[in-house]
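Dear colleague,

Please find the structure below, together with its sequence. A short account of what was found in it follows.

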Amino acid sequence: MTTAGIAAMRLSHGLHSLELGHGAPDYILLAIIFSIQIVFFLLGWSVMKRMKYFKALLNHEEGTPVTLALICPGVAFVVMGHFVLNKVIAAIGILTKFDYTYMAISFGLIVLQFITGWLLIRLARKQLRYT
């Protein structure tokens, strides 16, 4: 979903830069993609929590390279979150860029990025121990 959103943003920006016209409003597509991403994020989270996968992962009970795939949703959520924040919420005037609420949302996304990076380092160390 994130890849489709990034591609759409780049195509729209490219058409605008080349003065070939504008595509559909970016905010509609980005809002739809981000909404779908949130639904799948919550669905995956609930399934993994119910199966106690996170506990096994953090207690070093799970040692397969597949665990590194848990990094992708965190990165994708942060990227799309910043797109939505800047190209939807700030662009159409729901929030003013760089006001307190805008900065709080941006800070939350940055914290999520640091948590994702921490998880990546932890998983990579664990994988290197097994090899």
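Glycine 44 has a relative accessibility of 24%, so this residue counts as partly exposed, since the partly exposed class runs between 20% and 50%. Please bear in mind that the model is predicted. Glycine 44 belongs to helix α2, which covers residues 26-50. In sequence, glycine 44 stands 29 residues away from proline 73, and in space their C-alpha atoms are 9.8 Å apart.

Proline 73 leads to the next topic, the largest pocket. This pocket holds about 620 Å³ of space. Its lining is made up of 23 residues, and those that lie nearest the centre are Phe41, Trp45, Leu70, Pro73 and Gly74. Two or more lining residues are given by each of α2, α3 (53-58), α4 (71-89) and α5 (100-130). Helix α2 provides the largest share, with six residues. In character, the lining comprises 18 nonpolar and five polar residues, with no charged ones.

Helix α2 also contains valine 47. With a relative accessible area of 41%, valine 47 is partly exposed. Val47 is one of the residues that make a nonpolar surface patch of about 1,100 Å². The other members of this patch are Met1, Tyr27, Ile28, Ile32, Ile36, Phe40, Leu43, Met51, Ile92 and Ile94.

When you view the model, you may wish to begin with glycine 44 in helix α2, and then turn to valine 47 in that helix.

Yours sincerely

How values were computed: Residues are numbered from 1 along each chain as its sequence is written. This is a predicted model: local features need pLDDT of at least 70, side-chain atom pairs count only at pLDDT 80 or more; totals for chains, interfaces and linings use all residues. Side-chain values use heavy atoms; hydrogens and water are left out. Helices (H or I, at least four residues) and strands (E, at least two) are DSSP runs, numbered from the N terminus. Buried means under 20% relative accessible area, exposed over 50%, partly exposed in between (1.4 Å probe, protein chains only). On a 1 Å grid over the protein atoms alone, a cavity is a set of points where a 1.4 Å probe fits but cannot get out, and a pocket is an open set with protein on both sides within 12 Å along at least five of seven lines; lining residues have an atom within 4 Å of a point. Grid points are joined across faces, edges and corners, and a volume is the space filled by probe spheres set on the points. Ala, Val, Leu, Ile, Met, Phe, Trp, Tyr, Cys and Pro count as nonpolar, Asp, Glu, Lys and Arg as charged, and the others, Gly among them, as polar. Patches are made of residues with over 30% relative accessible area and no salt bridge: like charges are joined within 9 Å, nonpolar side chains (Val, Leu, Ile, Met, Phe, Trp, Tyr) within 5 Å. Accessible areas come from the Shrake-Rupley method with a 1.4 Å probe; for residues, only the protein chains shown count as cover. A salt bridge is a side-chain nitrogen of Lys or Arg within 4 Å of a carboxyl oxygen of Asp or Glu.
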